[in-house]
Amino acid sequence: MKNEYDYLIVGSGLFGSVFAYEATKAGKKCLVIDKREHIGGNVHCENIEGINVHKYGAHIFHTNDKTLWNYVNQFVEFNNFTNSPMSLSKGKLYNLPFNMNTFYQLWGTKTPQEAKAKIDEQIAIYGVENPKNLEEQALSLVGKDIYDHFIKEYTEKQWGRKATELPAFIIKRLPVRFTFDNNYFNDTYQGIPIGGYNKLIEGLLEGIEVATKTDYFSDREKFNKLSDKIVYSGKIDEYFDYKLGVLEYRSLHFENEILETDNFQGNAVVNYNDADYDYTRIIEHKHFEFGKQNKTVITKEYPQEWNPGKEAFYPINDAKNQSLFDEYKKLSLEEKNVIFGGRLSEYKYYDMHQVIALALTRSKKELENG
Ligand code: UDP
């Protein structure tokens, strides 16, 4: 007997929602379930005082792929927001990412030649041949001034570990730009959905059956019988009852404040690079959509140690966790009627455009064969 649905989709984040949209378009019947009380996973926005608050951290869409840009814009129009974060370090404000403005603010260098000479001089003094940890890696790439002002304390807060104990790969690349360009990303297309990310998810899931506050693990047997196949975007170790061990993450804690001012910091993102502050950054959400409200909502972002009761944000992709993931991955390949995908099921810190691209590729392959 045929099951009620072709696909049960576990998780309504970007991976699940894009898959559901594509499968439905191909004539398949989907049921999307999510254990949270809302759809959208971590891109979900909460409306506070008429401002779309990025509830699970700032999400700024960017991509080089025109097809992908057009894909998301068919559901909601994106604005031309450009991420140009500021950094507060040792009592002064600097532009990020590291560019001619930052170098001028730091050293007073006025030309690319002067700035390059300064960085080269620092690398020559502090750089090492084969960097063995994050500190050595950073010193070898940008030298001591930039490391001390912008990297060391921020990174130690972010990861809760000494920079000398962190793997070098976390900052394999540190973009250094010799132009006066404060755009954080190099991609051609960048923006925020006008009206918030919920519009994107609602567009993807329009006309599709969705059940929130519905935890797959509360009754797996029942859910497994509902559909021919499952698309699973939750934690891969949880899917296998943690039988090989628990994959570790770094967590975040967000504190929102509503302020009686129309403009608190003049920018969407200000990084707090010094150890004196427990938070790594303050987000002022209205600036993502050039909001004109009388009030403002800000969020302080506090990195946190993770345990299985907390939200999983950054995968700890060290050797130990990565090899555990590889073992789970092998098990997942044996699950013939389950499609795994997304940040938590692939244990990978994806950008949004990468997750969407992945969901499009996976769904295409599945729908052509299935
Ligand atoms: N980072 C840093 N100083 C900064 C911003 C970032 O040292 O002012 C480093 C830090 O190690 C962090 C990594 O760059 O873990 C990635 O940070 P980014 O803000 O780009 O990523 P997000 O946390 O927004 O995904």
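This presentation goes through the domains, the main sheet and the ligand site of one protein chain.

The structure is a predicted model, in which local features need pLDDT of at least 70 and side-chain atom pairs count only at pLDDT 80 or more, while totals for chains, interfaces and linings use all residues. Residues are numbered from 1 along each chain as its sequence is written, and side-chain values use heavy atoms, with hydrogens and water left out.

I begin with the domains. The domain assignment, whose bounds come from an automatic or database source, gives domain 1 as 5–81 + 189–248 + 315–369 and domain 2 as 86–171. Over C-alpha atoms, the centres of domain 1 and domain 2 are 35 Å apart. Separately, an unreviewed UniProt entry annotates residues 150–349 as "domain: UDP-galactopyranose mutase C-terminal"; such annotations are given in the numbering used here, with shortened feature names, and may be inferred rather than shown by experiment. Within residues 150–349, 24% is helix and 23% is strand, and the end C-alpha atoms lie 22 Å apart. Helices (H or I, at least four residues) and strands (E, at least two) are DSSP runs, numbered from the N terminus.

I turn next to the sheet. Seven strands, to use the order 7-6-12-13-14-11-15, form an open sheet with mixed pairing. Strand 7 (92–95) and strand 15 (314–315) each have a single partner strand, so one side of each is left without a neighbour in the sheet. Pairing here requires that DSSP finds at least two bridges between two strands.

At one edge, strand 6 (residues 86–89) pairs with strand 7 in the antiparallel sense over 4 bridges, and Ser87 stands opposite Tyr94. The hairpin of these two strands has 2 residues between them, and Lys90 takes a positive phi near 50° there. After strand 7 comes a loop leading to helix 3 (100–107), and Pro97 lies in this loop. The peptide bond that joins Leu96 and Pro97 is cis, with omega about -10°.

Further along the order, strand 12 (residues 269–272) and strand 13 (residues 281–284) run antiparallel and are joined by 3 bridges, with Val269 partnered by Ile283. Strand 11 (residues 249–259) is joined to strand 15 by 2 bridges, also antiparallel, and Arg250 stands opposite Tyr314. On strand 14 (residues 296–305), strand 11 has an antiparallel partner with 10 bridges; one of the paired positions is Asn256 with Thr299.

Which residues are the closest to the ligand? They are Phe150, Thr155, Tyr184, Asn271 and Tyr314, in a shell of 13 residues, each having a heavy atom within 4 Å of the ligand. Helix 6 (residues 144–159) gives the most to this shell, with 6 residues. By class, the shell holds 8 nonpolar, 4 polar and 1 charged residues. In this scheme Ala, Val, Leu, Ile, Met, Phe, Trp, Tyr, Cys and Pro count as nonpolar, Asp, Glu, Lys and Arg as charged, and the others, Gly among them, as polar.

Three side chains place a polar atom by a ligand oxygen: Asn271 at 3.0 Å, Trp159 at 3.1 Å and Arg281 at 3.1 Å. The protein covers 79% of the 520 Å² of accessible area that the ligand has on its own, by the Shrake-Rupley method with a 1.4 Å probe.

One backbone feature remains. Lys213 is not a glycine, yet has a positive phi of about 50°; Lys213 lies in the loop between strand 9 (209–211) and helix 8 (220–224).

Key:
Polar contact = N/O pair within 3.5 Å; in protein donor to acceptor, adjacent residues only side chain to side chain.
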